[in-house]
Amino acid sequence: MLKALSEHHLVPQHELLKKDEAKNLLAQFGLDVDKLPRISLEDPMCTELKAGIGDVIRIVRRSPVAGDTIYYRRVV
Amino acid sequence: MLMKRLEGIEFSVLSPEQIRKMAAIEIKTPDTYDKDGFPMEGGLMDPHMGVINPSLRCKTCGQKMKQCPGHFGSLELIRPVIHAKFSHKLEELLHGTCRECGRIALKDEQIAEMKTQIARLTKEEAIKLIVKKTKTKRKCPHCEAERKEVLLDKPTNFFIDKDRLYPSQIREWVEKIPEKDLELFGYDLARVRPEWFVMTALQVPPITIRPSITLESGIKSEDDLTHKLVDIIRINLRLKDNIDAGAPQLIIEDLWDLLQYHVTTYYDNNTAGVPPAKHRSGRPLRTLAQRLKGKKGRFRYNLTGKRVNYAARSTIIPDPFLSINEVGVPEGIANTLTVPEFVTEWNLEEMKKLIKKGGENVVYVTKPNGLRKKISDLNRKEVVEELEIGSKVERTLQNGDIVLFNRQPSLHRVSMLAHNVKIVPGKALRLNPMVCKPYNADFDGDEMNLHVPQTQEGQTEARELMFVQNQILSPRHGEPIIVGQEDDMTGLFLLTMDQTEFTKEEAMHVLYNMGVTELPEADRGKNYSGRLLFSQALPKGLNAEYTNNTARVLRQADIPKDGNESLYKHALVKIEDGNVLSGIVDSTPKLVETIVRNYSTEILERYYYSMAHVVHELMTMKGVTIGVEEFNPVASIEAEREKAIAEEIKEGTELAEKYASGKLEPIPGRSVDESFESMMVRLGGKVRGKVQARLAEQKLRHLYENPRPTLDSALLMVSGGRGSMLNFSYMSGVFGQISVRSGRPKKGFSERLIALNERNDLGPEAGGFVRSNFYRGMNPKEYFMHSMGGRQGEVDTGVATKVSGYLYRRLANSLKDLHVANDETVRTASKDIVQFRYGEDGIFPARTTGGALANFKEEIRKLKKGKAK
């Protein structure tokens, strides 16, 4: 690839959560990991972030109605 | 609550031993009842198999009718018969195995080899493979016995080399097949054995499944299944007697075949190759398979197709004098539907009065001990005396009862709303035309359904969550969906026009119709302006500022917005402290929205009441009407029109010439052909727009500047009540460019669209530009082009509704389980997260003002005003 995928203007900001961050997040929502939305391990962004199965990725999206919105996905 | 999870359901075949074990009693005689009408012991109606008489107890479980689930009986078949639904399974086995030793007619090595193949196949394919390899083997490789060809004469007769193969012989044969060979055929021997396909015992279903009916004449009529079972038992007994008496083989075989026939039709009376068993009357019997199969079967009719009680359906008609939360229920329906009411110390006397009154007011009374009585003139007095607190009275509908009202397709939540009952004459259900929109109803023959909630919980839930006035704001965009329509808009416009003035007498008449009893101070000398009167319908303290429908028409009329233009002042409605200061009120949703958000629903209801009544009265008083002549354009517009058309023809022809000579500059990103077509379409639209703007301006000026304007189509259009500027343009302006599939009509003959054109004419009029309008009429060429556009429109509406309807259904179904959880996340039924915050911003449009958490402008204004005081 000529350019890192994350630098493309259409790709929202992805960030790999540390283990304890992910744990805190789940506690905050009172969740099991399997209740989070999923993202494929083969997703190009997962490759770029070197994410492994079970990791949680934080995505900050620019929403037309709500400004910056945070979304979490678990790698499967 | 005890919850158990169902792991799965297994379907299998009952063995004769299981049938006997399950049976509560063995049935021995074909009789049902004795001559005194009591069920026979060991007969088909033996009370060991359950009870259908509410006063009797089951002899097996000792429970009463409602509690006893029914119990199976059993019947020993004297000679075995084949279950017709399994005869093809038997056929496979007979084809594949040896009659003498029961082995598959293949060498052991071949079998082992096949096992590896079978592992990759489905059960059906595996069996097919075995049968294919063995069917024609004339010698058994295991016992060297000769094999003969087996033939199945469907459904149940087997032959071996043209000799009959009887069920008992088949049973012996398949019993011989060893376990390891059956496994190859896909049998799990812990569950099914092939010999069970030849039945030696028959299940007799519980009486609850085949109840006898006592006709009014006192004659008992038996269920079809019972009839069939009687046939089976009778033949079974005759067969037994004949065998015991040593009757000739021929007679025994005939009876045996007859038994087979009865058992076959008992399971399925539509078996191919078997004549259906008939009732005495000649009607075919409805046996087991018929009960389940098809449209009228248990699955499609009873399980998938649920029906409810306490519901009504009728044609709907409009009634603007009903409140929005009322539904007009015709007497016939109101006197049939009932609602339970509990007798308390507060309504005891009232209930007594109601029962005493007679007629159809009360249908049933249930005493606290559960005894239910139907009220008739004979026992009325007695019931009134006995009526006590805690009784349940089932009375017919009264004014003010709450009901659910629904129109299919129920696409969204406002397709079913709660209304108060208002009993009306006639046979049709009535609703306020303002609630047509949520239901998507009109009155061209639409029917709607009505349901009566039967419990306090149900009624309260309906009232709190589904009442019309609680659903005025749409959860989609936060704007009201239950607003004034058509006549309401025109009427309000008429009332709040600058020119509208009333004398004292007229004003009192108008206010009376609005339900206002106080006459305000006159504001125009001795007279009253319409705006002043309308303000009386508004709640005190109401503040609003918004643009009305006139603003839209002004935009279309292309009138520049400069300080001198007086028309613009009409477009802005200013309401302060419940007084309309300026502008013309049509029914723009904004006003309703302000009322809903700031006042109680009762106040909104009162506003709607005033509006409906005043609009009706005013339009009757003033007279709103249209005639053809108003579509005859005035001379000045006619001149404008001719000029615009001449320009179009000239410009269009020039374009066409340029295109033909190849000098046309294409639009970036398009080919030359596309550019030309697009330019021609745009040109046609431009011309119509020009004339349309002039027409709009004329209508606006007439309506606003004439001291006594005619109340015609211009009023309807400007107020937004009905019709658009486009419709006007079609009628008295220029029709403009016809479009088919978003472009000029193409495809016709070679080199021209229709035979009326010159060859290779690419100009405007050859391509579907219509210079006429409906008032003047079109020439044949224009008419034809117009028809092409018309046809396209017709096709599109058909396709669009079909496609988008299904698309919407799929979307709605996929989203129906999503909900907002307590932590504001959106989750699926299994609690998976879809959104971490509802709508990403956590805002519910119906509870916010225009998507913002508060109307800050208005709040600040209020604060400032408070300070000033």
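UniProt positions are given here in the numbering used for this structure, and such annotations may be inferred rather than shown by experiment. The model examined in these exercises is predicted.

**Exercise 1. The annotated domain**

Determine which residues of chain B the annotation "domain: RNA polymerase N-terminal" covers, and describe the chain over them.

*Solution.* Step 1: according to the unreviewed UniProt entry, the annotation covers residues 195–496 of chain B. Step 2: over residues 195–496, chain B is 32% helix and 21% strand. Step 3: the C-alpha atoms at the two ends of this stretch are 91 Å apart.

**Exercise 2. A charged patch**

Identify the residues that gather with Asp161(B) in a patch on the surface, and classify the exposure of Asp161(B).

*Solution.* Step 1: Asp161(B) gathers with Glu146(B), Glu149(B) and Asp163(B), and the patch carries negative charge. Step 2: Asp161(B) is found in the loop that runs between strand E4 (157–160) and strand E5 (163–165) of chain B. Step 3: partly exposed denotes a relative accessible area between the limits of 20% and 50%. Step 4: the relative accessibility of Asp161(B) is 42%, so this residue counts as partly exposed.

**Exercise 3. A salt bridge between distant parts of the chain**

Locate Glu76(B) and Arg20(B), and characterise the contact between their side chains.

*Solution.* Step 1: the two side chains form a salt bridge, with an N to O distance of 2.5 Å. Step 2: the pair links distant parts of the chain, since Glu76(B) belongs to strand E2 (residues 73–82) and Arg20(B) to helix H1 (residues 16–22) of chain B, 56 residues apart. Step 3: Glu76(B) is partly exposed at a relative accessible area of 24%, and Arg20(B) is partly exposed at 36%.

**Exercise 4. A salt bridge within one helix**

Describe how Glu705(B) and Arg701(B) are placed in helix H24, and give the exposure of Glu705(B) and of Arg701(B).

*Solution.* Step 1: the side chains of Glu705(B) and Arg701(B) meet in a salt bridge of 3.1 Å, N to O. Step 2: both residues lie in helix H24 (residues 672–705) of chain B, where a spacing of four residues corresponds to about one turn of the helix. Step 3: Glu705(B) has a relative accessible area of 42% and is therefore partly exposed. Step 4: Arg701(B), at 24%, likewise counts as partly exposed.

**Exercise 5. A further pair**

State the N to O distance between Arg759(B) and Glu751(B).

*Solution.* Step 1: their side chains meet in a salt bridge at 3.6 Å, N to O. Step 2: Arg759(B) is partly exposed at 46% relative accessibility, as is Glu751(B) at 49%.

Terms used. Residues numbered from 1 in each chain as written. Chains lettered and ligands numbered in written order. Predicted model: local features only at pLDDT ≥ 70, side-chain atom pairs only at ≥ 80, totals over all residues. Heavy atoms only, no water. Patch = residues over 30% accessible without salt bridge, like charges linked within 9 Å, V, L, I, M, F, W, Y side chains within 5 Å. Areas by Shrake-Rupley, 256 points an atom, 1.4 Å probe, with all protein chains shown as cover. Salt bridge = Lys/Arg side-chain N within 4 Å of Asp/Glu carboxyl O. Lys, Arg positive; Asp, Glu negative; His and termini not counted. Charge placed at Lys NZ, Arg CZ, Asp CG, Glu CD. Buried < 20%, exposed > 50% of the residue type's maximum accessible area, 1.4 Å probe, protein only.
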